[in-house]
Amino acid sequence: MTHSYQINGMTCGSCVARVKSKLLKLGDVISAEVRLQSPQAVISMSRHITTGELQQAITKAGNYTITEAINAPDIVMKVETAAVTEGKPSYFPIFLIFAYMGCSTLLIQVGNVSFNWMQWMGHFMAGFFLVFSFFKLLNLKGFAESYSRYDIVAKKWNSWGYVYAFTELALGLAFLTGFNPVLTNSITFMVMTVSIIGVLQSVYNRRKIKCACLGSVFNLPMSTITIIEDALMIGMSGIMLLMLL
């Protein structure tokens, strides 16, 4: 369901960004279009959210007041049409990325006398973090906004989405260069374990939201595939830690 609202108190783009960020953090909000022109907000939700709940959310962003708009069917229709034509969700990019990383890292092992599992996992995880951080950095702001909708840390600290993208980049470089394997795998295990909690909550609650793993470039739905993706990194880093200690 989609509803339009009037929001008083917004005067600039920063106001719009703050209000949108708080609205997107509400669990049942699917999407939120916020602007300075009337009606200021068009919100799609999985269940009806009361104006009081919306007011409580945006109050955290500043001195803003929200009321339901009247006679704005054209705006609502445009938003609903855009949602339909945005593109069908697809897991193809993830499958393709994993196929490329799997094949390329396996080819490295061809030159070895015997298959080196530690080296292969290190190279695979390097490719994973470098590729996934690349797509996040293409639209860092868009990723941070999407990530804050379900990640337990990003919900409380808006900047975590920005930090997380660069953390992935640093981990990718660390795995690629073999920098302090114990430290690198320990950080990976902790970061990915925290990350998977929000994913599990979203999938368990059947929230129809976009996965931010590849930033805002692809329309990937949050699902079991996302859980497997995070669990794979947790498992690999855990195995490597056990083998190193």
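In which sense do strand E2 and strand E3 pair, and over how many bridges? The close-up views below start there, in a model that is predicted.

**View 1. Strands E2 and E3 form a hairpin.** Welcome to the first stop: strand E2 covers residues 29–34 and strand E3 covers residues 41–45. The two strands pair in the antiparallel sense, over five bridges. Six residues lie between E2 and E3 in this hairpin. To find your place, look for Val34, which stands opposite Ala41 in E3.

**View 2. One cavity of 30 Å³ or more is counted in this model.** The volume of the largest cavity is about 90 Å³. Its lining is made up of 15 residues, and those closest to its centre are Tyr164, Ser195, Cys213, Glu229 and Asp230. Which elements give two or more residues to this lining? They are helix H5 (117–138), helix H7 (160–177), helix H8 (181–204) and helix H9 (224–244). Sorted by class, the lining of the largest cavity has nine nonpolar residues, along with two polar and four charged ones.

**View 3. Phe128 and Phe132 form a stacked aromatic pair.** The structure holds 17 aromatic pairs, and here you meet one of them: the rings of Phe128 and Phe132 are 4.3 Å apart, centre to centre, with 25° between the planes. Both residues belong to helix H5, where they sit four residues apart, about one turn of the helix. Are these two rings buried or exposed? Phe128 has a relative accessibility of 1%, so it counts as buried. Phe132 is buried too, because its relative accessible area is 0%.

**View 4. Phe134 and Phe135 form an edge-to-face aromatic pair.** The centres of these two rings are 5.2 Å apart, and the angle between the planes is 75°. How do the two partners sit with respect to the surface? Phe134 is partly exposed, because its relative accessible area is 47%, a value in between the 20% limit for buried and the 50% limit for exposed. Phe135 has a relative accessibility of 15%, so it counts as buried.

**View 5. Ring pairs link several aromatic residues into a cluster.** To finish, step back from the single pairs and follow the rings from one to the next. The members of this cluster are Phe98, Phe115, Trp117, Trp120, Phe124, Phe128, Phe129, Phe132 and Phe175. You have already met Phe128 and Phe132, the stacked pair in helix H5, and both of them belong to this cluster.

Notes. Residues are numbered from 1 along each chain as its sequence is written. This is a predicted model: local features need pLDDT of at least 70, side-chain atom pairs count only at pLDDT 80 or more; totals for chains, interfaces and linings use all residues. Side-chain values use heavy atoms; hydrogens and water are left out. Two strands pair if DSSP finds at least two bridges between them. On a 1 Å grid over the protein atoms alone, a cavity is a set of points where a 1.4 Å probe fits but cannot get out, and a pocket is an open set with protein on both sides within 12 Å along at least five of seven lines; lining residues have an atom within 4 Å of a point. Grid points are joined across faces, edges and corners, and a volume is the space filled by probe spheres set on the points. Ala, Val, Leu, Ile, Met, Phe, Trp, Tyr, Cys and Pro count as nonpolar, Asp, Glu, Lys and Arg as charged, and the others, Gly among them, as polar. Rings of Phe, Tyr and Trp (its six-membered ring) pair if their centres lie within 6.5 Å; planes under 30 degrees apart count as stacked, over 60 as edge-to-face and the rest as tilted. Buried means under 20% relative accessible area, exposed over 50%, partly exposed in between (1.4 Å probe, protein chains only).
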